[in-house]
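Here are some notes for a colleague who is opening this structure for the first time. Please keep the view open while reading.

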Amino acid sequence: MAEVATEPAWLEERRREGASLVESLPLPDHKSKGWEFTDLSKLDIDSYEESGAEAEVSGGEGATVVSLADAVSSHAELLEASLGSLVPVEDPFVARNEAGWRDGVLVHVPRGVKVTEPIRIEVPVDRSGAAIGWRTLVVLEEGAEAEVWEHWSSPGDEVDGLLNSVVELSVGQAATLRYVNTQDISEKSWIFATQRAHVERDARLDWTALGFGSGGGKVRMDTKLAGPGSEARVTGGYAGGPGQHLDFDTTQEHAAPNTNSDLAFRGVLAAGSTAVWRGMIKVDPGAQQTDAFQESRNLLLSTDAHADAIPGLEILADDVRCTHAAAIAQIDKEQLFYLTSRGLDPAGAKTLIIEGFLESLVERLAEGPVRDEVSARLEQRLAEIL
Amino acid sequence: MATPEAVAEKRELAGINSDYKEKFGFNDSELGYAYKAPKGLSREIVETISDYKDEPQWMREFRLKALEHFYERPTPKWGGNLDQIDWDDIHYFVRASEKNSRDWSEVPDDIKNTFDRLGIPEAERKFLSGVGAQYESEVVYHQVNEKLEAQGVIFTDMDTALREHEDLVREHWATIIPANDNKLAALNSAVWSGGSFVYVPAGVKVEMPLQAYFRINTENMGQFERTLIITEEGADVHYIEGCTAPVYSSDSLHSAVVEIVAKKSSRVRYTTVQNWSQNVFNLVTKRAVAHEKATMEWVDCNLGSKLTMKYPSIYLMGPEAHGEILSIAFAGEGQHQDAGGKIIHAAPKTSSSIFSKSISKDGGRSTYRGLLEIADGATESRSKVVCDALLLDEDSRSDTYPTIRIDENDADVGHEATVSKIGDEQLFYLQSRGLDEEEASKMIVNGFIEPVTKELPMEYAVELNRLIELQMEGSIG
């Protein structure tokens, strides 16, 4: 996709603001709030050169699916109103993205339009030394329906790149969005992803994320239930291998009454891998009749694996039901014994137990292509790390 | 509907909690203080305290070094708001009377009156084995029954312990909570006064709980007691502290340090019923080490204070050690209870559990803040953390911040938390049985905290239930 020669004034102004925040916001260290368990001391961010991505986009009949660079002129008004409206610039990575993003995708589904075919976005992290500032902006108008699949990947294990992504999902009144994000970039690359969804009145979001790749960084997934009667279901799966550190930071914010959120994360950690999951349920004052659920479970496959779980609740309304659960455990020896006593070899029995552990994630997804693909990817990933 | 009995009971209960001015409406202004340090903190004040107590040189040096730590460390920015504390507007040392009293008849009358109102003699008449009552910064009344002494149990105030059992104190002093552990522990280390010292020799089981009552009584006077409990192999002790303090117009500070060493196969239970008046900053560091096969239990009930920041900790240092934390927090109007617990598994086959129950009402805020860590090498360890919170109205707030760190793959760790209001179905059921809404709500709240109150000695359980019922009065529109 082509670079834009001249940009409108509003965008230039935003890039300037972003650039000045890059100057004033230092990179976090282990003392920074939220970064206690993720080490960035090996990150030399300036050694990566701002770069575009050779993204591929397909599908979406009935919707506008256009590269962000083109949308600057073709959908100027929409872009000016929506870009950056959900993700505030209060983090050095978002500031870098604001200042330097080269490309991204705009998905706009007009009022009442139901897009049947999934919209697919492929973003390759394929060059060492490149920092890709990527943006995805999805806007569903009232009553619209769409399914967006985004895949961040690398062609090989050797790429030492950096993906700095900002994703904004705006789900309008009574709209339904299914967003699937699968990430398996090179384990030598860094990932910084800031993703935020707003779900308006009576709308529904079904968000699935798989995190397999990257060596380090942080992936944020924030959902704001902004309108009464809105609903969000967030499902996350991750699997780490040697040398990897995976960091997920999720927020479920209930800002309106009668809202429902349901988040479940499951992770499998092989020898030499570490993961941290931090999750917060926030219920704002007045957001009554809230039902919020949050669960994080880790399976450690080795004594040399490490997991941190930091669930949190901040509740400022009283007529609520908020529950969270976190568990970190190993493969149950009794289950293993049972299976081997039935004739399975230990490796096969272990795989079966891990698959069973992940199966309950897969079962959260409705039957269909999403479920099949998530299941296939999990299976493939397990084969890699076991 | 309020029956005359209910009104009478309410009036009586009013004295227990918020309405100190009415019930204990006195500041004991005529009371002659033996010594009262000027407000503020300095090297001179610390040296004066040490001189006054005629302490050994090592303790004086410990205090002065701690003071340096206190100056160096920044005020914590997390938890509650500590910026309201004016460190220079506090008396760091007050001495109430010249010598300790072993016998009730020797206790000065005005102090005795205070205790009468708090019901200590009555409690003692029942079945208590020893009472250490901390009035102001010093223990003035102390009794250990002869049976305990015959068993070799030492239960005394810390100042006396330092004089009479210096080697024992010095061996364990600040080994669990070093002076530079945190700013408030450093402050306590510099200006500590009073507190209890408990030593239980090998194999001795203390059958009755040891109790100490604490009160803050001088306006703007901090209370910095220091407690050290040591149990030798196979020993067993239950220590109880209960707090109550009169109302004052400006903020008070309570910053205690409690260290516990539970040696092999011993068991310590430490129960706190904290009901400071609602202008007290209650910033306490409590930590225990449990060695092989030892059991450590914290039962922590936080009802009073303006802000409490307290996270009793247990380090499971020996194989098969066990730790338990039971916590209740009740945050009413203007209160922030930032409580919780920490358990660190540092040895194989250790087990632990944390159960936390909190209630927020009238704009109060209760926070559970905890840490559960399975350190490298703590193989085959198990832990369970359960936090439940009740919110009684829309102005109140509940937070849960548990942290779980796991470094071993064969650990089995679970955490659950819920936040909810009183269930409509439960209310409906009880009302259909003839209870009015207020009675039904009280019953539900008492049922909610029952898993913790059932672990308390009866008189504490009764008082706690009454206090919470009182807090619940008028909470239903």
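**Notes on the interface, a helix and the core**

1. Begin at the chain boundary. The model is a predicted one. In strand S23 of chain B, B:Gly414 is the bridge partner of A:Ala327. That bridge links two chains: S19(A) pairs with S23(B), residues 412–420, in the antiparallel sense. The pairing runs over nine bridges.

2. How many residues of each chain are in contact across the boundary? Chain A brings 31 residues and chain B brings 30. On the chain A side, strand S18 (306–315) and strand S19 (320–330) each supply at least two residues. S19(A) gives the largest share, eleven residues. So S19(A) deserves a close look.

3. The chain A side that touches chain B can also be read by class. It has 19 nonpolar residues, seven polar ones and five charged ones.

4. Turn to helix H3 of chain B, residues 43–53. Here B:Val46, B:Ile49 and B:Ser50 are buried. Why do these residues line one face of the helix? Seen down the axis of H3(B), the buried residues fall within an arc of 95°, so they share one face. The general rule helps: an α-helix has 3.6 residues a turn, so residues three or four places apart point the same way.

5. What lies against that buried face, and what is on the other side? The buried residues of H3(B) pack against two helices of chain B, H4 (57–72) and H10 (183–191). On the other side of H3(B), B:Glu44 and B:Asp51 are exposed. After the helix comes B:Asp54, with a positive phi near 55°.

6. Now the core. The largest nonpolar core has 225 residues. The residues with the most contacts inside it are A:Val107, A:Ala146 and B:Ile260. Two of these names meet directly, as A:Val107 touches A:Ala146. Leaving out residues up to four places away in sequence, A:Val107 also touches A:Gly60, A:Ala63, A:Val65, A:Ile119, A:Val138 and A:Val148.

7. Last, chain A as a whole. It holds seven helices and 19 strands. Its radius of gyration is 21 Å, close to the 21 Å that the globule rule gives for 386 residues, so chain A is as compact as a globular protein of that length. Along the principal axes, its C-alpha atoms fill a box of roughly 70 × 50 × 40 Å.

8. Burial and contacts complete the picture of chain A. Of its 386 residues, 52% count as buried. Among contacts with a separation of 6 or more, 85% come from residues 24 or more positions apart.

Key:
Residues numbered from 1 in each chain as written. Chains lettered and ligands numbered in written order. Predicted model: local features only at pLDDT ≥ 70, side-chain atom pairs only at ≥ 80, totals over all residues. Contact = placed C-beta atoms within 7 Å. Helix = DSSP H or I, 4+ residues; strand = E, 2+ residues; numbered from the N terminus. Nonpolar A, V, L, I, M, F, W, Y, C, P; charged D, E, K, R; others polar. Pairing = 2+ DSSP bridges. Buried ≥ 20, exposed ≤ 12 C-beta atoms within 10 Å, placed from the backbone. Arc of directions from axis to C-beta. Core = buried A, V, L, I, M, F, W, Y, C linked by C-beta atoms within 7 Å. Rg over C-alpha atoms; globule rule 2.2 N^0.38 Å.
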